[in-house]
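Work through the exercises below with the sequence and the 3D structure at hand. Try each task before reading its solution.

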Amino acid sequence: MEPWNACAQNIKLIEHALKGKWILDSGATNHMTGNTELLDGTTCLVPSISVYLGNNEKLMATRIGSFKSPKISIPLLVVPGLNVSLISRASVCADLQCWIVLNGTGGYIYDKGRSKLCLLRTLGNLFILVLGSQSKSRCLVTLFSKGNINIWHRRLGHASVETLRKLGFHGDLDDCHICPQGKLKHSKFARRTSYAQQLLERVHSDVMGPFIEGYWGEKYCLLFIDEMSRKPFIKTLKSRSEVAAATLELIKKERRRTQASLVYLRNDGAKDYETKVLQDFLRQEGISHEVTETYCPQLNGLAERLNLSIMDKVRCMLIDANLTPKLWPYAAHYAVLIYNNLPHSALDNHKTPNDAYADSSDSSKLYVFGSISYALQPSKLLHKLEER
Ligand SMILES: [Zn+2]
């Protein structure tokens with residue numbers, strides 16, 4: 001996405017009448033407010049950015065918050081000193097892919113499927129959002145700090161130029177000598193044309209390995225991917241006999257966390273999923289177990305494509321950091337974290353799997369894999385002059 005570039009032009013308002021109200025503003029380039037009470041918590045914006053008002057006054061946006069409404073969830077700028085709360089008409093249409101229909105007394109914001117997201121009422125010449133309780137619809141936008149495209153290429157596990165462009169990075173990517181070493185060329189797997197519409201409707205799973213033994217004895221990698229959101233989950237295992245138990249644990253955990261019910265579990269014909277405990281559970285819970293042909297990975301395409309994508313990142317990161325392959329489990333977990341925070345080509349509006357799964361995206365803690373870090377010792381355990 002484009003970096004924040006904020007400007008609020010059409011503010012000429014009777015401020016007290018608008019306290020606590022959200023104004024639909026056609027001149028604002030971003031959603032913004034000075035009133036943090038209207039938000040669902042905020043996080044620090046580093047570096048803070050300038051916001052120019054219509055009278056050329058400059059304010060600084062210092063935090064990012066999330067708009068508090070059951071049916072609309074959008075990120076916005078917190079601008080201390082701004083006495084009004086603005087929803088940018090252009091951004092809300094882009095963020096939610098919605099329609100806005102206005103008339104003399106107000107109007108509606110409609111979602112893609114033409115269901116009403118929000119009522120609008122006029123106040124003077126302004127349109128005010130009337131917030132009611134609705135079921136949730138969520139679209140968070142990942143905010144990537146501005147920075148050098150080459151550093152971010154490495155932070156994001158050697159992400160492709162196309163992905164970096166989607167994130168708003170411009171400029172040329174230098175020739176990377178790691179990418180050709182780490183990324184396999186593979187023939188394309190056929191894509192289906194219809195996909196799950198609900199969270200956890202269909203989860204695909206696959207086991208990879210054996211790999212070189214990790215430091216904690218890990219040899220296998222168990223991957224899951226939720227078809228609707230494309231969010232992957234990973235578990236590293238010492239033996240294939242742990243596959244069924246790990247699958248059961250993940251299903252229970254994610255069902256509890258999302259309140260969604262799993263309908264289909266799909267994997268290839270590996271025997272590891274055939275334990276009595278797992279099969280009994282699937283039967284009791286009414287979960288259909290879809291088993292594809294053992295030697296036909298194309299039928300389990302979603303999980304197989306994920307495997308290739310994750311392993312490309314793992315190889316690149318280990319080569320780039322010049323680390324022993326025994327650290328592959330750490331690289332694999334990190335690769336999944338990166339994957340969850342990158343826009344996915346199968347999702348609308350450059351959403352990340354985290355956004356689509358209603359988890360929050362956070363790119364602020366991504367570093368180049370293998371970066372040196374120092375552990376701060378608790379000061380109570382140290383003498384005054386000792387190294388921290
Ligand atoms: Zn690279």
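**Exercise 1. Take stock of the chain.** How many helices and strands are there in the protein chain, and what percentage of its residues is buried?

Solution. Step 1: the protein chain has 9 helices and 16 strands. Helices (H or I, at least four residues) and strands (E, at least two) are DSSP runs, numbered from the N terminus. Step 2: this is a predicted model, in which local features need pLDDT of at least 70 and side-chain atom pairs count only at pLDDT 80 or more, while totals for chains, interfaces and linings use all residues. Residues are numbered from 1 along each chain as its sequence is written. Step 3: of the 388 residues in the protein chain, 35% are buried. A residue is buried if 20 or more other C-beta atoms, placed from the backbone, lie within 10 Å of its own, exposed if 12 or fewer, and partly exposed in between. Step 4: among contacts with a separation of 6 or more, 61% join residues 24 or more positions apart. Two residues are in contact if their C-beta atoms, placed from the backbone, lie within 7 Å.

**Exercise 2. Lay out a sheet.** In what order do the strands of the open sheet of 5 strands stand, and why is one side of β14 and of β16 left without a neighbour?

Solution. Step 1: the order is β14-β13-β12-β15-β16, and the pairing is mixed. Two strands pair if DSSP finds at least two bridges between them. Step 2: β14 (232-237) and β16 (288-292) are at the edges and have a single partner strand each, so one side of each lacks a neighbour in the sheet. Step 3: on average, neighbouring strands of this sheet are turned by 20° against each other, direction ignored. Axes are lines fitted to C-alpha atoms, for helices over the stretch in contact, and angles run from 0 to 180 degrees between N-to-C directions. Step 4: β13 (residues 220-226) runs antiparallel to β14 and is joined to it by 6 bridges. Phenylalanine 224 stands opposite phenylalanine 233 in β14. Step 5: helix α8 (residues 328-340) packs on the sheet and touches β13 and β14, with its direction at about 175° to that of β14.

**Exercise 3. Place one residue.** Is cysteine 221 buried or exposed, and which residues is it in contact with?

Solution. Step 1: cysteine 221 lies in strand β13. Step 2: cysteine 221 counts as buried because it has 25 C-beta neighbours inside 10 Å. Step 3: leaving aside neighbours within four places in sequence, the contacts of cysteine 221 are Met208, Gly209, Ile234, Thr236 and Ala332. Step 4: alanine 332 is 111 residues away along the chain, yet its C-alpha atom is 8.4 Å from that of cysteine 221.

**Exercise 4. Describe the largest nonpolar core.** Which residues of this core touch the most other members?

Solution. Step 1: a nonpolar core is a set of buried Ala, Val, Leu, Ile, Met, Phe, Trp, Tyr and Cys residues joined through C-beta atoms within 7 Å. Step 2: the largest one has 47 residues, of which Leu223, Ile310, Val314, Ala331, Ala332 and Ala335 touch the most other members. Step 3: at least two residues of this core come from each of β12 (202-208), β13, β14, α5 (243-258), α7 (301-321) and α8. Step 4: α7 gives the largest share, 9 residues.

**Exercise 5. Compare two helix pairs.** What is the angle between α7 and α8, and what is it between α5 and α6?

Solution. Step 1: α7 and α8 pack at about 120°, and their axes are 9 Å apart. Step 2: α7 and α8 are therefore oblique to each other. Angles under 35 degrees count as roughly parallel, over 145 as roughly antiparallel, 65 to 115 as roughly perpendicular and the rest as oblique. Step 3: α5 and helix α6 (residues 276-284) pack at about 30°, with axes 9 Å apart. Step 4: α5 and α6 are therefore roughly parallel. Step 5: Ala244, Thr247 and Leu248 in α5 meet Val277, Leu278 and Phe281 in α6.

**Exercise 6. Check the backbone.** Where does proline 210 lie, and what is the phi of arginine 230?

Solution. Step 1: most residues other than glycine have a negative phi, and most peptide bonds are trans. Step 2: proline 210 is in the loop between β12 and β13, and the peptide bond from glycine 209 to proline 210 is cis, with omega near 5°. Step 3: arginine 230, in the loop between β13 and β14, has a positive phi near 65°.
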